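Colleague: Before I plan anything around this protein, could we go through the model together, one question at a time?

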Amino acid sequence: MKLSMLKEALTNIIRKPITKAYPITKRDIAIPESHRGLHYVDFSKCTGCSLCAIDCPSNAIQMTKIELKLGTNPKNLYPIIDYEKCVFCYHCVYICPVKAYITTNNFELAGSPETTSLSFSMKNLQRGEIK
């Protein structure tokens, strides 16, 4: 028994690793349409109703006061998603009455310095991509 374990250990020492050094070695991955990736808020559509924060099962959405003066949100309260708490259930996306959430297939969040949705929403607002 000990001899077979020793043989197995020596074999595995000289064998190439099976796993890839991700994200250093990337490969093309087919992502299904139903994949729930990164999501963030279109600040120009958000009314500040807080339904998304109330419905979030992991308490990952906090309503934060941001002075944007876009006209659609008189209270200037916008949802900010904490991706470290988020379980990507998309309850916020489905419950939003004005469809203010933008969904993506981006699944590469590990190691990213972006841990909240604020930077994604602000970048897109500044570029004018959000209408």
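Colleague: Which residues form a nonpolar patch on the surface, and what is their accessible area together?

Modeller: This is a predicted model, and that applies to each answer I give. One member of the patch, leucine 10, has its place in helix H1, which covers residues 2-14. The patch is formed by Leu3, Leu6, Leu10, Ile13 and Ile14, and their accessible area together is about 600 Å².

Colleague: In what order do the elements of the protein chain run from the N terminus on?

Modeller: The protein chain has 4 helices and 4 strands. Read from the N terminus on, these elements follow the order α-β-α-β-β-α-β-α.

Colleague: What radius of gyration does the protein chain have, set against a compact globule of 131 residues?

Modeller: Taken along the principal axes, the box filled by the C-alpha atoms of the protein chain is roughly 75 × 30 × 25 Å. For a compact globule of 131 residues one would expect a radius of gyration near 14 Å, whereas the protein chain has 21 Å.

Colleague: Which element gives the largest share of the largest nonpolar core?

Modeller: In soluble globular proteins, nonpolar side chains tend to be buried together. Here the largest nonpolar core has 25 residues, and those with the most contacts inside it are Phe43, Ile61, Tyr83 and Tyr101. Two or more residues each are given to this core by strand S1 (39-41), helix H2 (51-55), strand S3 (77-81) and helix H3 (91-95). The largest share, 3 residues, comes from S3.

Colleague: Which residues does isoleucine 61 touch, not counting residues up to four places away in sequence?

Modeller: Isoleucine 61 is among the residues with the most contacts inside the largest nonpolar core. With residues up to four places away in sequence left out, isoleucine 61 touches Cys52, Ala53, Cys56, Pro79, Ile80, Ile81, Cys92 and Tyr101.

Colleague: Is asparagine 76 buried or exposed?

Modeller: Asparagine 76 lies in the loop between strand S2 (61-65) and S3, and its phi is near 55 degrees, a positive value in a residue other than glycine. The cut-off for buried is under 20% relative accessible area. Because its relative accessibility is 6%, asparagine 76 counts as buried.

Colleague: What is the phi of tyrosine 90?

Modeller: Tyrosine 90 lies in the loop between S3 and H3, and this residue is buried, with a relative accessible area of 6%. Its phi is positive, in a residue other than glycine, with a value near 65 degrees.

Conventions
Residues are numbered from 1 along each chain as its sequence is written. This is a predicted model: local features need pLDDT of at least 70, side-chain atom pairs count only at pLDDT 80 or more; totals for chains, interfaces and linings use all residues. Side-chain values use heavy atoms; hydrogens and water are left out. Patches are made of residues with over 30% relative accessible area and no salt bridge: like charges are joined within 9 Å, nonpolar side chains (Val, Leu, Ile, Met, Phe, Trp, Tyr) within 5 Å. Accessible areas come from the Shrake-Rupley method with a 1.4 Å probe; for residues, only the protein chains shown count as cover. A salt bridge is a side-chain nitrogen of Lys or Arg within 4 Å of a carboxyl oxygen of Asp or Glu. The radius of gyration is taken over C-alpha atoms; the globule rule is 2.2 Å times the number of residues to the power 0.38. A nonpolar core is a set of buried Ala, Val, Leu, Ile, Met, Phe, Trp, Tyr and Cys residues joined through side-chain atoms within 4.5 Å. Buried means under 20% relative accessible area, exposed over 50%, partly exposed in between (1.4 Å probe, protein chains only). Contact means heavy atoms within 4.5 Å.
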